[in-house]
Amino acid sequence: MMNEGDHSDSLIVAKMSRNRSGSPLRESAEPRGEAKGNTGETTTSRIQSREIMSSGLDRVRAKARQSRTERFTALLHHVTLEALQDAYSSLRRDAAPGIDGVTWNAYGTDLSLRLVDLHQRVHRGAYRPLPSRRRFIPKADGKVRPLGIAALEDKIVQRAITKILDAIYEADFVGFSYGFRPGRSQHDALDALATGLQRSRINWILDCDIRSYFDTVSHDWLIRFLELRIGDRRVIRLIRKWLTAGAVENGVLISSEMGTPQGAVISPVLSNVFLHYIFDLWANQWRKRHAQGDMMIVRYADDAVVGFQHEAEATAFLVDLRERFAQFGLTLHPEKTRILEFGRFAEERRKSRGLGKPETFAFLGFIHICSTTRTGKFLLRRKSRRDRMRTTLKAIKDRLARRMHESIPTLGNWLRQVVRGYYAYHAVPTNLQSLSAFRHSVQRLWGAALRRRGQKHHLPWARISRIADQWLPRPRTLHPWPEVRFTVKHPRWKPGALIGPAGFCAGGVR
């Protein structure tokens with residue numbers, strides 16, 4: 001039975017049916033026809049088409065590297081049928097559907113015909129994006145984050161345009177920008193931060209937090225920044241359509257006059273472009289002009305950590321940063337943005353002034369702590385954030401409640417994958433204690449579910465431990481020390497290799 005919200009969503013989709021070509025689709029009872037749709041296309045021709053597409057983007061990359069002021073006036077022709085096919089294949093198969101209710105598998109029926117129709121609509125200007133379906137996901141602090149789930153066709157076209165934008169802007173983005181970039185990960189940003197703290201004379205940390213960043217991005221400024229590099233008006237119009245498509249919440253269409261929709265495929269690259277001009281280039285120039293000591297910058301999406309040798313420079317940078325953001329409609333969170341003493345000499349200096357241990361700060365899911373080795377040398381210790389761990393454990397508990405009556409091997413295989421997935425990100429050096437606490441909590445939740453299922457309130461803990469030992473992997477460090485991995489990726493880096501007194505910029509700059 002359709003609820004009221006779903007009925008309203010269906011009405012909105014019906015009103016926006018101008019985005020459809022009007023040709024009847026195959027009935028859902030028929031088998032998926034992706035293979036049949038490809039009949040007659042040889043493997044050789046498909047490979048050749050993709051090679052042509054790749055070589056076209058390679059020329060865009062080369063031109064972008066050659067000239068930092070080049071405006072690309074012809075880009076939409078890179079959105080080929082092959083590009084749309086690759087975009088469709090790269091999407092998650094199990095992702096939630098958008099407002100149109102079309103899933104990945106359902107769209108795969110008559111895929112070739114659908115993509116041909118989509119390709120034609122994009123190039124003749126008849127393509128119209130649908131509003132995203134707004135859902136809210138809980139945050140670790142108890143608040144919720146709005147998430148926009150786009151329609152499948154919008155995801156496909158956005159993915160194809162994103163590849164074009166990546167080809168251009170990867171030549172522009174600075175080295176200390178890590179968020180949502182090809183070949184870069186959260187651990188690359190964490191490695192750069194740890195290496196900078198170990199090798200540079202960083203004594204003060206500015207922990208930056210932009211208030212509601214994705215909801216406050218100015219559309220006008222974003223388009224102006226994009227037009228510095230993109231002269232193809234058709235691509236600009238597509239991006240404008242996505243920005244202003246709005247969202248449907250509880251059957252009500254909500255317009256979007258600012259911000260980039262969280263969850264949209266194209267949002268990460270658009271947010272990076274915005275912060276590239278607002279923050280990255282400005283911070284790089286500030287460092288060259290004003291920093292007399294070492295200065296370090298690491299940014300991942302809207303999270304940034306800036307390190308300074310001198311407290312006065314950290315304070316001056318923060319004042320200038322607030323003024324800079326205000327010019328473009330952004331604000332720093334007054335409670336979460338702070339300057340703290342941190343680094344190799346922080347504990348010693350604070351002790352000489354009669355103060356306690358250095359404060360800690362959070363970045364990309366880890367708490368960063370000043371510590372020492374057994375020989376008394378400085379050691380950056382990182383441990384998983386407790387609030388994030390509690391959120392993960394709550395999700396596991398809710399899932400166990402729904403799957404309580406499944407067999408132990410079935411639950412064991414599922415929990416093994418969950419624990420391994422957690423280890424894959426959090427198993428960094430100095431974090432074994434947090435990993436052990438996570439595994440112990442999972443074992444406790446599983447034991448509680450087994451007791452409720454069998455109504456055996458006195459199921460011995462030893463029995464639960466034996467079951468857990470059979471299925472749950474033991475915690476162990478999976479990631480190398482950050483300096484080791486950073487040195488492998490940046491073998492020619494030296495503390496004083498860059499121009500000016502500020503010798504370290506995490507990730508390097510051109």
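Two residues count as being in contact when heavy atoms of theirs lie within 4.5 Å. With that in hand, here's a first look at this chain, which is a predicted model. Of the contacts between residues at least 6 apart in sequence, 73% join residues at least 24 apart. The chain has 510 residues, and 49% of them are buried.

**The chain as a whole**

- You'll come across 19 helices and 11 strands as you go along the chain.
- The accessible surface adds up to about 25600 Å², and carbon and sulfur atoms account for 52% of that.

**The sheet with E9, E10 and E11**

- Let's start with an open sheet of 3 strands, ordered E9-E10-E11, where the pairing is antiparallel.
- Strand E9 (361-363) and E11 sit at the edges, and each of them pairs on one side only.
- Ignoring direction, neighbouring strands in this sheet are turned by 40 degrees against each other on average.
- Strand E10 (residues 366-372) and E11 run antiparallel and are held together by 7 bridges.
- If you'd like to trace that pairing by eye, Ser371 has Leu379 in E11 as its bridge partner, while Thr372 is partnered with Phe378 in E11.
- E10 and E11 make a hairpin, with 5 residues between the two strands. Look in the turn for Gly376, which has a positive phi of about 90 degrees.
- Strand E11 (residues 378-384) is largely enclosed by the rest of the structure, because 5 of its 7 residues are buried.
- Helix H8 (residues 186-199) lies across E9, E10 and E11, and it runs at about 150 degrees to E11.

**The sheet with E1, E2, E4 and E5**

- Another open sheet has 4 strands in the order E2-E1-E4-E5, and here the pairing is mixed.
- Its edge strands are strand E2 (144-149) and strand E5 (252-254), each pairing on one side only.
- Neighbouring strands of this sheet are turned by 40 degrees against each other on average, again with direction ignored.
- Strand E1 (residues 132-138) runs antiparallel to E2, and 6 bridges join the two.
- For a spot to zoom in on, find Arg135, which stands opposite Leu147 in E2.

**Helices H12 and H13**

- Two packed helices are described by the angle between their axes and the distance between the axes.
- For helix H12 (residues 267-290) and helix H13 (residues 311-326), the axes come within 11 Å and cross at roughly 145 degrees.
- The crossing of H12 past H13 is right-handed.
- On the H12 side, the residues that meet H13 are Tyr277, Ile278, Phe279, Trp282, Ala283, Trp286 and His290. On the H13 side, they are Glu313, Ala316, Phe317, Asp320, Leu321, Arg324 and Phe325.
- Sorted by class, this contact has 10 nonpolar residues, 1 polar residue and 3 charged ones.

**One residue to look up: Ile164**

- You'll find Ile164 in helix H7 (residues 152-169).
- Ile164 has a relative accessibility of 4%, so it counts as buried, the cut-off being under 20%.
- Leaving aside residues up to four places away in sequence, Ile164 touches Leu57, Leu75, His78 and Val79.
- Gly56 is 108 residues away from Ile164 in sequence, yet their C-alpha atoms are 9.8 Å apart in space.

Terms used. Residues are numbered from 1 along each chain as its sequence is written. This is a predicted model: local features need pLDDT of at least 70, side-chain atom pairs count only at pLDDT 80 or more; totals for chains, interfaces and linings use all residues. Side-chain values use heavy atoms; hydrogens and water are left out. Axes are lines fitted to C-alpha atoms, for helices over the stretch in contact, and angles run from 0 to 180 degrees between N-to-C directions. A crossing is left-handed if the near helix is turned anticlockwise from the far one by less than a right angle, and right-handed if clockwise. Ala, Val, Leu, Ile, Met, Phe, Trp, Tyr, Cys and Pro count as nonpolar, Asp, Glu, Lys and Arg as charged, and the others, Gly among them, as polar. Buried means under 20% relative accessible area, exposed over 50%, partly exposed in between (1.4 Å probe, protein chains only). Accessible areas come from the Shrake-Rupley method with a 1.4 Å probe; for residues, only the protein chains shown count as cover. Two strands pair if DSSP finds at least two bridges between them.
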